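Reader: I'm setting up some charge assignments and would love a close look at one part of this protein. Could you walk me through the salt bridges, one pair at a time?

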Amino acid sequence: MWGGVGGPARRAENGYRSYDEGDLRLLQQIRTLQDFGFDLEETRPFVDCLRAGHPAGDACPASLAVYRSKLDELDALIGRLASVRAEVGAQLARAELEASADLPGGPAPRCELGGHP
């Protein structure tokens, strides 16, 4: 991933890789963004911002632009989902009405004039 997490890998005496606080902050930033649905490429401006020395990866203009783009994407998705939900709700209401009319013992026909079945 772009030549390592925070820079060149450091090794402890036991041979294990050693990461500093900046490396951990960078990994946490990436994991949080991925949990929110950001793909790896969308995390790049946040990583670059942290590597530039900012304490937060979203303090740079490029990171803010990614946030705005993601919000636009989510708003469009919410709009599509709301539309699909309304359509499914209408189909369910129609299907329930038809199903109840076809069932034995379903609603009795109504007499519009006298109010009696």
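Author: Happy to; what follows goes from the overall fold to the charged pairs and their surroundings.

Please keep in mind that this is a predicted model. The protein has 3 helices and 2 strands, and along the sequence they come in the order β-β-α-α-α. Of its 117 residues, 16% are buried. Among contacts with a separation of 6 or more, 33% join residues that are 24 or more positions apart. The accessible surface amounts to about 8900 Å², and carbon and sulfur atoms hold 59% of that.

Now to the charges. Side chains of opposite charge can pair when their charged atoms come close. Searching the whole structure gives 4 salt bridges, and here are three pairs to look at in detail, including glutamate 41 with arginine 44.

In that pair, the closest N and O atoms are 3.1 Å apart. Both residues belong to helix H2, which covers residues 40-51, and a spacing of 3 residues puts them about one turn of the helix apart. Arginine 44 has a relative accessibility of 29%, so it counts as partly exposed.

Next comes glutamate 42, which makes a salt bridge with lysine 70, with 3.3 Å between the closest N and O atoms. This pair ties together distant parts of the chain: glutamate 42 sits in helix H2 and lysine 70 in helix H3 (residues 61-102), with their positions 28 residues apart. Are these two residues buried or exposed? Glutamate 42 and lysine 70 are both buried. For lysine 70 the relative accessible area is 5%, and because the cut-off for buried is under 20%, lysine 70 falls in that class.

Lysine 70 has another partner, glutamate 73, and their closest N and O atoms are 3.3 Å apart. Here both residues are in helix H3; because they are 3 residues apart, about one helical turn separates them. Glutamate 73 has a relative accessible area of 43%, so it is classed as partly exposed. Within this pair, then, lysine 70 is buried, whereas glutamate 73 is partly exposed.

Putting the last two pairs together, Glu42, Lys70 and Glu73 form a linked network of salt bridges. Lysine 70 takes part in both pairings, one with glutamate 42 and one with glutamate 73. For your charge assignments, that gives you a picture of a pair within helix H2, a pair running from helix H2 to helix H3, and a pair within helix H3.

Notes: Residues numbered from 1 in each chain as written. Predicted model: local features only at pLDDT ≥ 70, side-chain atom pairs only at ≥ 80, totals over all residues. Heavy atoms only, no water. Salt bridge = Lys/Arg side-chain N within 4 Å of Asp/Glu carboxyl O. Helix = DSSP H or I, 4+ residues; strand = E, 2+ residues; numbered from the N terminus. Buried < 20%, exposed > 50% of the residue type's maximum accessible area, 1.4 Å probe, protein only. Contact = heavy atoms within 4.5 Å. Areas by Shrake-Rupley, 256 points an atom, 1.4 Å probe, with all protein chains shown as cover.
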